[in-house]
Each structure stands twice: as C-alpha cells, then as structure tokens.
Amino acid sequence: MMTLSERFPGFVRGVSTGGSISISRPGRDMDAARTQGVFSHLHLLERGALGLIPQEDPAQNDRVDDLKAVIHTLRARRDELRVQADRTRELRHSIDKGDFLDEEDYRTGENSEIRAALLTAKQTELKKLLKAHHLIGGYDLIETQPGKRFCVSLHTAYEGTYCTTYHLELDLTRTVQVVRHDVPPSMPLDTLVQQNLQTNLPAFLHSLSLHLNALTSRQQQIVLVKDQIKSVDVLESNQLCSVLVLLCRGPKQQDPETLVTLLYRDLTSELPTQVTVESEDDALPNSPQWKKSKTLLLDQPVHKALEIMNKTGVIA
Amino acid sequence: MDETTRTVLQRVVRKVPATRLREVLRTWGRVPARQLDLLDFSTSKFVLFEDVRSLCEVNSNRLTLKHVCELEMIYFIGNPAQGVWRACHLTEPDDDVMTVELRQFKEQFKARLTELISNVSVKIKKHDDEAVWIRIAWGDHFHRPNQLKPTYVVHHLQTPYVFVYNLSTKHKPLLYQALVLATRHGSMKDSHLSGKSLTSIRDFLMRSYQQAFPTKYARPLQEKNTAPTNPNIEKEHAEQEEKRLQLACEAFGEGNVPRLETATYKLETRYRGSGNETLNNREEPFRALIKFSSANLLVSLNHCVSAGMAETPVTPLLSSITQKGKNYFVITDKGSGNSSQSMVQKK
Amino acid sequence: MSTLKPFSKIPELNSANVLLVENEEQFQKKLADVIVNAEKDVSVGVRLARRLPLPVENEETRPCIDLVVFIINLSFERSFQSVELSLKYVDPGFFLGKVCFLVTGARCWSVSSDRLQSVRKLATSLRCPLLYAEDQTVEGVNTAAARLLRVLKVTAGLTPWATGLSLSTLTRCTLSSDLEGDFD
C-alpha cells in the first residue's frame, strides 16, 4: 500500500478514519466495488489516479488538436529550413569554387543576406588561416614600392620561442634581386640566390628559412651549453656555429681532459655531422662509454647530449 | 735582450698611453703583478721604458722578440682605432670553405706566406669575438723583417671579409695570395671601404647594426614616442615627415650606426650642364672627385634625408653606401647616369 | 592643389592663427614654441608647413589663417626657390597685409649678397614687409617671435585702430633708388 499512501495521503487517511468513504467519481466505480470487492476497487482507483485508464476529456481533445497544429507548423518550418540549408550549401559550394560573383543573384537580390554572412565567414576563416600561417613560420610580405620591391620577414624560433627576425628586400624590376638584407654575412646567401631565387621564390625562401632556423638552433644550443653545463668549456665556435670545440672534464679530478669537436656540415640541420674526440689518454676516445657518447652527440642537440653524458657519468 | 727587441719594446712603451700601460702589461703577464704595482707610471716615458726593460730582464731572462710582439698585439687588439683600416673581400669560395678551422688556418697561412717571401715574421692570435688577428712584419732577401712597421690583418673565419691595416702595395699580392689559399677561396679583391674605426667598418660590412625594414606590425611604443608638443602647434606635413624619417632609416640605419668618416665619389662622366660650351663639347670625360666627410657620415646623411635637405626617395648614389657596403665609388657614364646634379647639398 | 584663401573659414573670437612656411623646418619649430608660450590673452595657433600647397586632408581642421610667414634661410639656395614656388598657391587676398617674409642667416659671411637682394626684390614686388631674424641664439628667436606675434595680432584684428593692410603699407619692403632702376 506504500504507493497509494505516498501518492494520496488524504485518501488513506480517509480510509483509516472509517466512516463514509468519499471518492471523486462515485457512480460506476461504486457498482464495481459492490460486485468485485474493496481491493479491486482500490486497485481501480489507484490505476485511475496514475492515469492508466484512458479518459475521455473534451479539453484533452482540444489539446491534441493544438498539438497537431504545432506539429504541422513545425514540419513546415523544418521543410523551409531544409530548403534554406540546401541553398546555403549550394551557395557555399559555389563560393568555395570561386564563382561567387553570380550576376543574376546579385540583380534579383536573392540570398543576399546569406551570401553576405557566408562571405564574412569565409573572410574570417582566411584571416585565421593567415594568422596560423604566420604562427607556424610563414613569411610576411610587404610591398615597399608597388610592383617593384617588397620586403620579406623570416622569423626564427627555437623550442617554441621566437628568436631573431631576419629581413630581405627584393627587387622585381628586371630579374629578382636581393637589394638589402640583414642575414648574417657568413650565411651562404649567394649560393642560395643562385640556386633558385629566379626560378622558385617559395623554394628560395624555404631553404633560407631552414638555414636561418638551423643557425638559431645552433646558437641557442651554445647559449644553453654555456648556461646549463658548467663543467664544459666552449673553446671555439664561429659566427655560423658550424664548428664547436668543447673542453670536457671527467667526473674525477685525475681524469684527463677531453676535446670534443663538433662539425656541422649540413647548415640546414641543428645536429652535427661529425664528432671527433681527442684526449691525452689515447684509449679514452675508443672506450665504449665515449663511443656511445659520440652517437648520442650525433643524434641529440648538443646541450641535451651533454646533459645525458653528465648524468651517466661520462663527464663531470 | 737584443737590439730589435729593445727597439720594439721601446716603441710600445712610448705608444701606449701611461694610463693604460699597467693594464696592458698585466694582460701580457711577463712581469709579476706585484712588481707592476711598484712602478711609477707618472714618470717620463724614457724612465718608464728603462724600468719596464729592467723588470723584463730580471723576470724572464730570455725575453725574445716574439714576446714583445705579443705585447704590441695585445695593445693593438684592445685599441684598433689608430689609422686607416681597409676592407677586402674574398670571392669564389671552394666547396669546403665552411670547414676551415683555426689551427689549420694558422698552419696554412704561415706556410703559404713563408713560401712566397723568405724573410717574414707572422704572429697569429685569436681574439674573443671570433676574430683572428695576424701581425706581419715584412722583410726581403737582404733585410730582416721590419718589426717597427707591421701590417695587421683581421679575419673572421668562415666569412669572406678581411680587414687590413698598414699594407704597402708591394706586399699586397703576397698577403692576398696567402690568405686566398689559407681560407680556400678563389680570389680576393678590395671592397672599397675604409675607415678609422675597425669595429665600425666591420659592423658596417657584416651588417651587424640595426637596419630598418618595413614591417606589418607596429613598432614598440617607446620608439614612436616623441616629445609632447603644444596642442596649438599643428604640423601640416606631419605625415610626410614621418615617411621621410622612415625612408632615411631604411637607407642609412637607425640608432647606433657604425661610424664612417668619408664617402668618396670619383666621377668620370660627360659634363651635361648647360651654358658651358668648353666643358660640354669635350671628348674626354669630365673628371671630378666628390668627397663627403663627417664625424659620423651615416648619421649626417640620415639627418639630411629626414630633415628634407636631400630629396626622397633617397638617390641610389647615397643609398648604395649601405646597400653595397662601400664608401668609394667610381661613377662612369655607363653606370648610374647623371652624377653631380643628383648630389645633394650637404650640411 | 588648392590655393590658400584668407576668407574661406570663419574667424573665431579671441584667436589668431599664423602659418609658418619654411623648407628647412628648423627655425619654424623654435619660433612656434616661443609664440604659443608667449601669448596668454588670446589663443594663438601655429601651423607649420614645409611648402605650399597644403595637404587637402587637413582642410577641415585648418582654422582661418590670419598671417602667412615665409621663412627664408639665406644659407640654403633651396630655401628661396621653395618659397618662390609656394607663393603661387597663396590667394591674392592674402597679399593685402597678411603675408610677410622672414630672413635668417643674413649675417653669415659665406652667403653672397645676391641672395639677399633677390629676396628683397621679391618682397618689394609683392608689397610685403621683410623681417630679419637671428636663428642661432635664444634671444634672436625670442625677438623674432615677439615681432611676429605683434604683426599677427594686428592682422587678426585684435589690436584696436590698426589693420593688417595699413601696417603692411607702412612697413613694406622698399628698394633703395639705385636698385629700383634695374628692378623696373
């Protein structure tokens, strides 16, 4: 009886107090009670209260009609939207294809709102794309003299931070020429220019950008070595950072000093192409420890390699 | 101590200002610091030289010419602005040019030069900022090297630039050849750039000064902040002024620019002025030499352009100073046409 | 390319505006600073220009100009040439007392006297006053600013019983008789 008492506390109270039972719909129900017993009557009443017995209410009929009307309008709206969506899709497709200057549509003014909205969306998208392009290291082009000269900025970055920005001003009047630049003088710019400035500008910019980024990486690595690994001295380097001579000390006081020379022949890479180890102790460079270290130096940026070597006890 | 060593030491002591002598001697490290402190640097140079000499003789009984040359180099590297430095350019690099390394270069250069000329003394020292300093004292078959007038050469490895001080035309080909071979290049030529300050012409040629380039992004604010002006003063041509400033900075750099003293233009062009019949109809070119000189030429030119005294856009004759890294130009008729007319009035 | 007109704008109460035209842009800045700080009673506006015609974009913001001063530095040949070219863009109405010339560098020994003569001829032919100023010293700038300010107040109608035209007629540049011959 829990359900009943929960839902109809007043009703249960009515039963328990005895006396006259007052229920909402006497008539037919009362007859049923007389013929089938109190429990079945109560059961009937419970079902009625829970709404399980279909009720024929005129108000309810009105509501059904209303809802039917709502369904009808919603369906109509849906069809309308479907058509609109189709049209938008179509327009978008045509805009994507590039022929968004459809004369007829313009004249009739049809779809003008959607068209404007779509174009704005397209523009925003392109702007974002451009920004993303800059962020991942694209080139900034600025016309300095319309149709004649322009200026390119090449950004360099190392491990997620921007470093130096280099610039080139190019002249297009007759052949493509570099007017001025602030690329380091040791950079083989002339070679790159000869290779593909005339024929393929993006390729030229790409290779130059590779060179510059690799240079920045090498410069930053040297800075990090000087900064983080105190036991290693940078004896020699050059402007291009293509040679790096390091003086390493062993972990023990009496260990001989080691001269590590890194050669970066591939200027577009931040990793060395050749590693030589020299020491007063002739056997040391051929020890398994140092052999391992050599491969490590070839595979890892120099500051990371030295850090690992430090941890594994090869150097102090 | 032999005679030459003595003379060179005397010259160095004489040349170095008394205020810096202690520091130079300390860096040299042949005389203990304690004894240096006892020296009286305020006496005459003659007395001072005798003191230094006796100290040297007491402390290092075999003080040779090599050591004294080193002393001279130490002073010279610290104070390179003493005369005219000329820039040279190595061209036609070999494939393995990037692998030239200091030790190798030293050996090669010395070997090549001694092959070419018998009596020569070469001393090579690497300075902190990646520069290799070479001191050469020249002699010939009959004379020992003259230590009193050495040639100094500064070269940055892996770059095509060489800076030369006090080089006679007689020794020029010898030095050039030795350098070309030691640095693995095909040839070497004059850059037509000279100046009193080595650091300036080096920075100028290597473009390690602040150049202005147009960018899409606004510059940091402090650069644009100008002195507040009275609201009652209005500039009608403010926009043009800004543009001129930008053009001037693009042509001649901004901020701390290298110090160049002169720019020389040698004209070998036909005279095109009107009215002067004798000059107009000459067969030969009209020869003239135009020299701009200033304490800091680039700043002066920048001012001329930004103040509107020189026309904008900047004439290529002036802007090629920075673009080509030269300050000596020969202008012929075939090249950049009209010459004297486009020269601007110089403040 | 518009000419500068004297009456295209409505003048404001208690204000005077002067246009300083100088090719070198050196002296005009010093003058402008002194002029705006010296006058307290009326609001004085200074417009600085390198040459005429003035940019069309500033047409809206430009107030009614009461006096045009052409500054000629005798040390520079271009200074005079630039002024000669600029004069074409000044409305004839201005020459009724609202234009004056200011010469600097006349004391410089290296300057040929011909330049000064040509400036004088120009001022005479236009019936305008010709003032001399010293641009290198602070006092010189102050004096020149004070004189200009006085002329400006007259041409702006701020001085009772005086007009620019009358002042200009009285102070206009004249040539001595021996030079007048070859001028005509």
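At what angle do the axes of helix H2 (residues 18-28) of chain B and helix H5 (residues 65-78) of chain B cross, and within what distance do they come? In the predicted model, the two axes cross at roughly 125° and come within 9 Å. Because angles over 145 degrees count as roughly antiparallel and those of 65 to 115 as roughly perpendicular, this value makes H2(B) oblique to H5(B). The handedness of the crossing is right-handed. On the H2(B) side, the residues that meet H5(B) are Val24(B), Thr27(B) and Trp28(B). Their counterparts in H5(B) are Glu70(B), Leu71(B), Ile74(B) and Tyr75(B). Classified by residue type, the contact of H2(B) with H5(B) consists of 5 nonpolar residues, 1 polar residue and 1 charged residue. Thr27(B) is the polar member and Glu70(B) the charged one.

The helix pair belongs to a chain whose secondary structure comprises 13 helices and 10 strands. Chain B has 347 residues, of which 30% are buried. With regard to sequence separation, contacts in chain B between residues 6 or more positions apart were considered, and 72% of them link residues 24 or more positions apart.

Chain B also touches chain A. In this interface, 18 residues of chain B are in contact with 20 residues of chain A. The chain B side of the interface is made up of 7 nonpolar, 7 polar and 4 charged residues.

Chain C was examined in terms of its elements, dimensions and contacts. The chain contains 6 helices and 5 strands. Read from the N terminus, the order of these elements is β-α-β-β-α-β-α-β-α-α-α. The order thus opens with a strand and closes with three helices in succession. The C-alpha trace of chain C spans about 45 × 35 × 35 Å along its principal axes. The radius of gyration of chain C is 16 Å, which agrees with the value near 16 Å expected for a compact globule because the chain has 184 residues. Buried residues account for 40% of the 184 residues in chain C. Of the contacts in chain C with a separation of 6 or more, 82% are formed by residues 24 or more positions apart.

Notes: Residues are numbered from 1 along each chain as its sequence is written. Chains are lettered from A and ligands numbered from 1 in the order in which they are written. This is a predicted model: local features need pLDDT of at least 70, side-chain atom pairs count only at pLDDT 80 or more; totals for chains, interfaces and linings use all residues. Helices (H or I, at least four residues) and strands (E, at least two) are DSSP runs, numbered from the N terminus. A residue is buried if 20 or more other C-beta atoms lie within 10 Å of its own, exposed if 12 or fewer, and partly exposed in between; C-beta atoms are placed from the backbone. Two residues are in contact if their C-beta atoms, placed from the backbone, lie within 7 Å. Axes are lines fitted to C-alpha atoms, for helices over the stretch in contact, and angles run from 0 to 180 degrees between N-to-C directions. Angles under 35 degrees count as roughly parallel, over 145 as roughly antiparallel, 65 to 115 as roughly perpendicular and the rest as oblique. A crossing is left-handed if the near helix is turned anticlockwise from the far one by less than a right angle, and right-handed if clockwise. The radius of gyration is taken over C-alpha atoms; the globule rule is 2.2 Å times the number of residues to the power 0.38.
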